[in-house]
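The following exercises concern a predicted model. Please work through each task before reading its solution.

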Amino acid sequence: QVQLVESGGGLVQAGGSLRLSCAASGSIFSINPIGWYRQAPGKQRELVATITSGGRTNYADSVKGRFTISRVNAKNTVYLQMNSLQPEDTAVYYCELTATTIYWGQGTQVTVSS
């Protein structure tokens, strides 16, 4: 069983920064891709960024150049550094680990005020 726990969300002004963390339990973290997704009110959950076990990254066009995903396998943790935040980045952010089963965290709220 894998558990994912996100942290680091909060309220920030436009142009500010936040760093989200997702800590995973279990031994499969280091060998599987993991990603960040977000869901704004009234919208579908969407991909933000993913990172493979080897460190290859992929970003949604809307966050390229502003967000950076990284992982520290020794700590079973993935990070999302978010810079130049905009009100449209307001959402609940979830981490997701893809193994034979897909695991989700409980989410962390990010609110960007204008």
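**Exercise 1: Burial of strand 9**

Strand 9 covers residues 91–98 and is mostly covered, with six of its eight residues buried.

Task: State which cut-off a residue of strand 9 must meet to count as buried.

Solution: A residue is buried when its relative accessible area is under 20%. Six of the eight residues in strand 9 are buried.

**Exercise 2: Partners of strand 9**

Task: Determine which strands pair with strand 9, and in which sense.

Solution:
1. Strand 4, residues 34–39, pairs with strand 9 in the antiparallel sense over six bridges. Within this pairing, Gln 39 has Val 92 of strand 9 as its bridge partner.
2. Strand 11, residues 108–113, is also antiparallel to strand 9, through three bridges. Here Val 110 of strand 11 stands opposite Ala 91.
3. Strand 10, residues 102–104, pairs with strand 9 in the antiparallel sense over three bridges. Ile 102 of strand 10 stands opposite Thr 98.

**Exercise 3: The connection to strand 10**

Task: Identify how many residues lie between strand 9 and strand 10 in their hairpin.

Solution: Three residues separate the two strands of this hairpin.

**Exercise 4: The nonpolar core**

Task: Name the residues with the most contacts inside the largest nonpolar core, then list the elements that give two or more residues to it.

Solution:
1. The largest nonpolar core has 30 residues, and those with the most contacts inside it are Trp 36, Leu 80, Met 82 and Tyr 93.
2. Two or more residues of this core come from each of strand 3 (18–24), strand 4, strand 5 (46–51), strand 7 (67–72), strand 8 (77–82), strand 9 and strand 11.

Key
Residues are numbered from 1 along each chain as its sequence is written. This is a predicted model: local features need pLDDT of at least 70, side-chain atom pairs count only at pLDDT 80 or more; totals for chains, interfaces and linings use all residues. Side-chain values use heavy atoms; hydrogens and water are left out. Buried means under 20% relative accessible area, exposed over 50%, partly exposed in between (1.4 Å probe, protein chains only). Helices (H or I, at least four residues) and strands (E, at least two) are DSSP runs, numbered from the N terminus. Two strands pair if DSSP finds at least two bridges between them. A nonpolar core is a set of buried Ala, Val, Leu, Ile, Met, Phe, Trp, Tyr and Cys residues joined through side-chain atoms within 4.5 Å.
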